[in-house]
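Me: Please take a close look at one part of this protein, the small sheet, and then place it in the rest of the chain. Plain prose will do.

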Amino acid sequence: MFVLLRKEVASFFASATGIVVIGIFLLLTGVFLWVLPVDSNVLNSGYANLDGLFSLAPWLYLFLIPALTMRMFPDEYRSGTMELLLTRPVSRLQIVMAKYLAGVLLAVLSLLPVLVWLLTVGWLGAPKFNLDFGGFWGSYLGLILLAMVYVAVGIFASSLSDNPVVAFLVAALCCFLSYQGFEWISLLFDGAHAQDLVSRMGIAYHYDSMSRGVIDLRDIAYFITVSSLFLYAAFLVFKGKPTRNSIFLWASILVLDLVAVGFFFRLDLTSEKRYTLSDQTKRYLKQNERDLTATVYLEGDLNMGFLRLKKAVSNTLTEMKVYSKADIEVKFVNPAEGATEEERNAHYNALQEQGLAATVVHDRDREGRQQQKVIFPWLQLATDKDTVNVCLLKNIAGNSGDQNLNISIENLEFELMDAVRRLTNEHPLDIAFLEGHGELPEAYVYDISGQLAHYYNVHRGSIINEVDVLDPFKVLIVARPYEAFSENDKFVIDQYVMRGGRVLWLIDGVQVGEEMAVANDLKISDLLFTYGVRIDPYLVSDVQCAYIPLKFEDEDESAEPQLYPWYYSPLLTLSPYHVITKNIAPVEGRYVSAVDFVGEDSLMHREVLMATSAHTGVQSVPCPVSFDIVNLTSESPFFANSYVPVACLEEGTFHSAFANRMVPKGMNMKGRQILKESAPTRMIVVADGEVIANEFESGQVLPLGYNRYMGRQFGNGDFILNAVNYLADDEGWMSLRGRSLKLRLLDKTRASEYRTWCQVVNLGLPLVLLIIFLLGYQLVRKNKYGR
């Protein structure tokens with residue numbers, strides 16, 4: 001068989017047709033990747049990858065592979081060498097396999113010049129060679145397996161006729177139908193399950209997974225099975241009837257493939273394991289029995305960044321479908337559908353009425369002209385009973401568009417599973433807002449209460465003299481109390497913490513009147529001190545702050561109020577290292593104080609979540625509060641401090657503040673003893689009670705964190721929601737927010753400067769290498785056989 005293999009390869013390179021075919025393939029692929037202004041163009045995409053190659057290759061292979069295989073049997077039939085070959089001591093199976101392996105070898109050789117493109121993309125990267133090599137080689141393997149199937153189809157088509165043109169057309173048609181036909185047929189069926197089953201029969205379903213760098217044993221088994229079936233069909237055409245040995249061989253291959261299909265093994269070769277779902281996601285999806293429908297509105301005329309986001313959404317949903325017990329139907333809808341502008345606007349309005357806000361994207365074409373597009377970066381996840389809107393775009397002020405898109409991709413699994421859990425959670429936990437100490441009224445926490453109600457049963461209430469009154473609640477929220485706590489209330493909270501209760505403390509360290517700021521003594525300092533944290537009675541100001549409209553007495557009465565920096569409303573910087581605060585906008589504070597850790601405890605983990613900027617003012621109270629502060633400049637010595645902590649997290653084992661004290665008078669202990677040490681638990685302390693308060697405008701509740709004067713949405717709502725979710729999280733769902741994906745971009749300056757050079761090299765060098773290989777091959781043959 002090896003002799004036959006060498007014969008096939010030699011005859012291919014002895015013919016000008018074979019070289020021309022590979023040359024045309026490399027030239028066409030190079031033109032699509034480096035020259036034409038299409039989505040696959042590497043230089044236009046701005047990203048350091050070759051995803052365009054793996055998207056194009058299946059379609060270009062539809063012509064390359066049939067051209068490679070169309071002469072393998074027809075030339076034998078027409079020249080009469082088949083009869084001579086059959087007289088040799090070689091079986092018909094060996095003849096078929098020799099031609100097949102020769103075709104695969106030639107297809108792989110046609111892919112070797114692709115490495116030139118990989119090196120070019122690496123050189124253009126920022127920094128250089130900032131590539132996902134693992135993902136590339138996984139995709140490369142998928143391309144080779146695709147070529148193996150196409151070659152098997154080509155061998156079968158070649159065995160049917162002695163006319164190469166007929167063999168080419170049959171092979172191209174069969175490859176096309178095998179790749180795309182089942183996707184079209186699946187659309188004829190109703191129901192996601194039936195459509196998925198039909199799609200799985202096609203090559204595209206399995207190649208799409210491997211083209212991302214994900215190696216699934218079931219996909220490999222599929223490629224081997226389909227290749228075996230077409231090769232067996234070619235053998236039957238060639239032989240005329242099956243033999244016992246051939247039946248046993250092909251049956252053995254099919255059995256092994258079926259065993260492989262039943263054995264679930266999946267390997268993500270990408271550097272950051274970007275297509276690997278977390279263990280908790282896999283477990284949840286395997287147990288979920290409710291069918292889901294995901295409608296994605298990322299469709300239509302999208303730029304490269306949003307196309308990347310769309311692909312990431314599709315890939316994540318595909319991975320979820322792999323593990324889900326129930327069906328997940330995925331639909332991509334173009335929100336700009338409509339024959340007229342009126343129809344498109346009607347569609348836009350319908351989406352916005354459903355709570356899907358449009359995003360206006362400003363982009364530039366290759367000529368530098370400004371373009372404006374309306375995008376709906378939303379997904380609607382639905383069951384038969386309810387629908388949840390999922391915003392796919394994280395738009396954080398101060399970040400570049402590429403950074404925000406990358407953050408959006410990092411958060412996809414968290415956002416999608418968050419929606420799945422909201423739809424399928426039939427037993428939500430209970431949380432409570434504490435009352436009885438002058439806490440914020442319900443109207444001022446209306447917005448965040450509505451957000452929390454998607455996840456929990458939200459309660460409000462005062463403490464009574466029963467030690468276990470807080471036990472039903474997973475999280476207790478203490479939202480800006482202004483009245484002192486009694487010993488009984490402190491005791492109930494303390495024992496709640498000792499039993500593993502979680503607390504979100506939102507405490508003002510100072511009370512601000514019309515002209516003065518004084519300490520806010522709530523009589524809980526001893527409690528917090530025992531837990532290892534202290535709220536310092538300082539009034540903190542910051543150069544990085546919100547703006548308010550002011551109009552001074554010496555100004556013209558007809559003049560409009562002007563915006564001035566209100567240093568007492570700092571825009572707090574959040575830790576980029578914790579899942580609560582990662583990738584959310586700055587939080588707007590109001591008359592904030594400082595938090596400080598006290599003591600050391602090896603059983604406790606402590607972390608600062610929010611802090612001020614590098615230019616911070618700190619005033620001890622009592623101190624005056626005046627609008628004159630707006631006259632200070634950022635260079636003023638008043639802002640001599642920096643990075644003052646405002647919020648912190650503590651988790652671990654806490655000690656009771658009542659360990660060596662008597663039970664408060666009137667407390668109903670219900671037969672329990674004082675707990676002196678807690679079960680593992682956690683709490684968050686924020687030295688600003690107003691951080692959770694929403695504002696009002698014309699009697700309407702504004703979203704939490706929205707500054708109506710600046711017209712800007714800050715991250716208060718995200719911070720509070722993440723904080724409560726983290727405190728209540730025992731399964732590690734919040735850890736999904738900690739995922740990081742490396743942003744791999746092209747150096748735009750270098751790509752623009754060397755654009756022509758890259759095009760010439762990547763079009764010409766693969767052809768030059770092909771010619772050099774051909775000349776070398778011919779020289780070796782001449783030296784060997786010329787004598």
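**The small sheet and its surroundings**

Reply: Strand β14 is joined to strand β15 (residues 516-519) by 3 bridges, and the two run antiparallel. Strands here are DSSP runs of E with at least two residues, helices are runs of H or I with at least four, and both are numbered from the N terminus. Two strands pair if DSSP finds at least two bridges between them. Within this pair, Val 510 faces Ala 519 of β15.

The model is predicted, which is why local features need pLDDT of at least 70 and side-chain atom pairs count only at pLDDT 80 or more, while totals for chains, interfaces and linings use all residues. Residues are numbered from 1 along each chain as its sequence is written, and side-chain values use heavy atoms, with hydrogens and water left out.

The sheet as a whole has 3 strands in the order β14-β15-β24, is open, and has antiparallel pairing. Its edges are β14 (510-512) and β24 (623-624), each of which pairs on one side only.

The approach to β24 contains a cis peptide bond, from Val 621 to Pro 622, with omega near 5°. Pro 622 sits in the loop between β23 (616-620) and β24. Another cis bond runs from Ala 126 to Pro 127, with omega near -5°; Pro 127 belongs to the loop between β1 (125-126) and α9 (133-160). That β1 to α9 loop also holds Phe 129, which has a positive phi of about 60° although it is not a glycine. Phe 129 counts as partly exposed, at 42% relative accessibility; the cut-offs are under 20% relative accessible area for buried, over 50% for exposed and anything in between for partly exposed (1.4 Å probe, protein chains only).

Cys 623 falls within the residue range of β24 (623-624) and is buried, with a relative accessible area of 5%. Its sulfur is 17 Å from the closest cysteine sulfur, that of Cys 545, which is too far for a bond. Cys 545 is buried as well, with a relative accessible area of 5%. The search of the whole structure finds 0 disulfides, a disulfide being a pair of cysteine sulfur atoms within 2.5 Å.

Ahead of β14 in the numbering comes β13 (residues 502-506), where Leu 504 is found. Leu 504 is buried, with a relative accessible area of 0%. Leaving aside neighbours within four places in sequence, Leu 504 is in contact with Leu 476, Ile 477, Val 478, Ile 684, Val 686, Ala 723, Val 724 and Leu 727. Contact means heavy atoms within 4.5 Å. One of these partners, Leu 727, is 223 residues from Leu 504 along the chain, yet their C-alpha atoms are separated by 8.0 Å.

Links of this kind can be set against the whole chain. Among contacts between residues at least 6 apart in sequence, 77% join residues at least 24 apart. Of the 787 residues, 51% count as buried. The protein has 25 helices and 31 strands, and its C-alpha atoms fill a box of roughly 110 × 70 × 55 Å, taken along the principal axes.

Two helices serve as further reference points. Glu 76, in helix α5 (residues 74-79), is buried, with a relative accessible area of 5%. Glu 76 and Ser 159 are 83 residues apart in sequence and 9.9 Å apart C-alpha to C-alpha. Helix α7 (residues 92-111) has 20 residues and should span 28 Å; the end C-alpha atoms are 29 Å apart, which agrees. The expected span is 1.5 Å times one less than the number of residues. Buried residues of α7 include Ile 95, Lys 99, Tyr 100, Leu 106 and Leu 111.

Later in the chain, Ser 698 lies in the loop between β27 (696-697) and β28 (700-701). Ser 698 is a residue other than glycine with a positive phi, near 55°, and counts as exposed at 76% relative accessibility.
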